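Trainee: I should like to understand how the descriptive terms for a model are justified. May we go through them one at a time?

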Amino acid sequence: MGNVIRRWLAPVRNSRVSRFMLFSAIFHIGLFGITDVILNFYFTSLGHSAETIGMLQSLPRIGGLVVSLPVGIIATRFGPYRIILYSTIGIAAALILPLAVPALPALAVSRFLIGLFYGGQQIATNPFMGNLVTSEQQPFLFSYHNVITMVATAFGSFVGGFLPTLAVSLLGLPPAQDSAHSTAAYAAALFTGMVVVLLCLLPLFRVSESSSALAATHTRQALRSFPWRRLLLMATPMLFFGFTGGLTFPFYNLFFRETFGVSDEVVGTILGIGWIGMGLVPLLNPYLDRRFGRAAALFITLTTAAVAFFALSFAPTLPLSVIAFVIACSARNTMQPLFQPLVMANLPAHIHNMASSVGFVVWNIGWFCATSLSGFLKAAQGFDFIMQVVAVGVLLTGVSVMLVFRQTPLAASPIHEV
């Protein structure tokens, strides 16, 4: 029992890990908690339609596509820490643009820049985290990181739902009309999210690049020497994963508001419950990894998520819809904390940055296609049909993981000193 506890706690006893976790928690409160729960309402208050909002939500994926492969090369040469630092600063700057200039072109530029900088940050994060611990500890670390970021996002979502009302009370802004606050109230809430994102830089400044980062040992590796076909094959599940995410995550707030007519505060609370589930359920990943293997474990959890998404499309009441939503999101979210260690365990350490880039390219393609179509699908078929499409996509994600990794031997990864 003592050995089991020590194995579970080993990753978080590292001071660099703890500081990076704090950075991620604050970042997720600001960007994915406060900002995401408010952003579509802000767009709606400006008078934009569902089709326009869908296109705006697709633009970050274009930014991610633009930056994906260059960031992999840059991170291999200069190390992922610098990419994470400068990308986070860029995200904070991009968040202020739609508040300063609320015209549609500025909104579009802001969404593109968010995708550009967030893409750089996420590509660098996976190999950076992988280098903080040993290969054996990676499933634990990625699961812990997922818990912390999801709980932080849940907290941010809950707070974000109340921020417009608080802005109306404290700043004397125009009151709510037809369950929607004024543009100024939503802008004040989004400004708060931007400030929180800036605060995450404080712990990040205390996380230095590891002196033993293996990326630096292969900085001059020619592009043609990378196993591109193998990297693309391993990234295939991310195409379906990105497509299902693009159809759902930018629009859950609109789904609950339009389907059940609930207030901003209720929407924020529902999303917060979902984020908590997304954080807690992947804690089972290390157990599922040992019991079934990483590929089979993902197939099991993603199949469960597919069934829950199908149930969400038929849920007749708000309580049943929330239950299906929490199960669907939580089971689906086992993907990232388990899939990234699965990929890294099957590749040499010096190409982890490029593998992360290729995976992010494919994920962005899926997400962009989904968000581009989402507004039109919603107008033509409604949210129920979208959830059924998502159920099929999540099931295909699990099947593709099994097909791609069923005969792939796990390559031993070097142990890094931290």
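Mentor: Let us begin with Thr397 in this predicted model. Leaving aside residues up to four places away in sequence, Thr397 touches Pro237, Phe240, Phe241, Leu302 and Met335. Thr397 itself is found in helix 17, which covers residues 383-405.

Trainee: What makes Thr397 count as buried or exposed?

Mentor: The relative accessibility of Thr397 is 1%. The term buried applies under 20%, so Thr397 counts as buried.

Trainee: How do you know which term applies to Gly161?

Mentor: The same reasoning serves. Gly161 has 1% relative accessibility, and the cut-off for buried is under 20%; therefore Gly161 counts as buried. Gly161 is found in helix 6, residues 138-171. Its contacts, not counting residues up to four places away in sequence, are Val37, Asp264, Glu265 and Gly268.

Trainee: What separates the C-alpha atoms of Gly161 and Gly272?

Mentor: Those C-alpha atoms are separated by 9.4 Å, while the two residues lie 111 residues apart along the chain.

Trainee: Why is helix 12 called oblique to helix 13?

Mentor: The axes of helix 12 (residues 285-292) and helix 13 (residues 294-312) come within 7 Å and cross at roughly 120°. Roughly perpendicular ends at 115 degrees and roughly antiparallel requires over 145, so an angle between these limits is oblique. That makes helix 12 oblique to helix 13. The crossing of helix 12 past helix 13 is right-handed.

Trainee: Which residues meet where helix 12 and helix 13 are in contact?

Mentor: From helix 12, Leu288, Asp289 and Phe292 meet Arg294, Ala296, Ala297, Ile300 and Thr301 of helix 13. The residues of this contact divide into five nonpolar, one polar and two charged.

Trainee: What makes Cys200 and Cys329 buried?

Mentor: Cys200 has a relative accessible area of 0% and Cys329 has 1% relative accessibility. Buried means under 20%, so the term fits Cys200 and likewise Cys329.

Trainee: How many disulfides are counted?

Mentor: The count comes to zero disulfides. The rule asks for a pair of cysteine sulfur atoms within 2.5 Å.

Trainee: What may be said of the chain as a whole?

Mentor: The secondary structure comes to 17 helices and zero strands. Of the 418 residues, 57% count as buried. Among contacts between residues at least 6 apart in sequence, 88% join residues at least 24 apart.

Methods. Residues are numbered from 1 along each chain as its sequence is written. This is a predicted model: local features need pLDDT of at least 70, side-chain atom pairs count only at pLDDT 80 or more; totals for chains, interfaces and linings use all residues. Side-chain values use heavy atoms; hydrogens and water are left out. Axes are lines fitted to C-alpha atoms, for helices over the stretch in contact, and angles run from 0 to 180 degrees between N-to-C directions. Helices (H or I, at least four residues) and strands (E, at least two) are DSSP runs, numbered from the N terminus. Angles under 35 degrees count as roughly parallel, over 145 as roughly antiparallel, 65 to 115 as roughly perpendicular and the rest as oblique. A crossing is left-handed if the near helix is turned anticlockwise from the far one by less than a right angle, and right-handed if clockwise. Contact means heavy atoms within 4.5 Å. Ala, Val, Leu, Ile, Met, Phe, Trp, Tyr, Cys and Pro count as nonpolar, Asp, Glu, Lys and Arg as charged, and the others, Gly among them, as polar. Buried means under 20% relative accessible area, exposed over 50%, partly exposed in between (1.4 Å probe, protein chains only).
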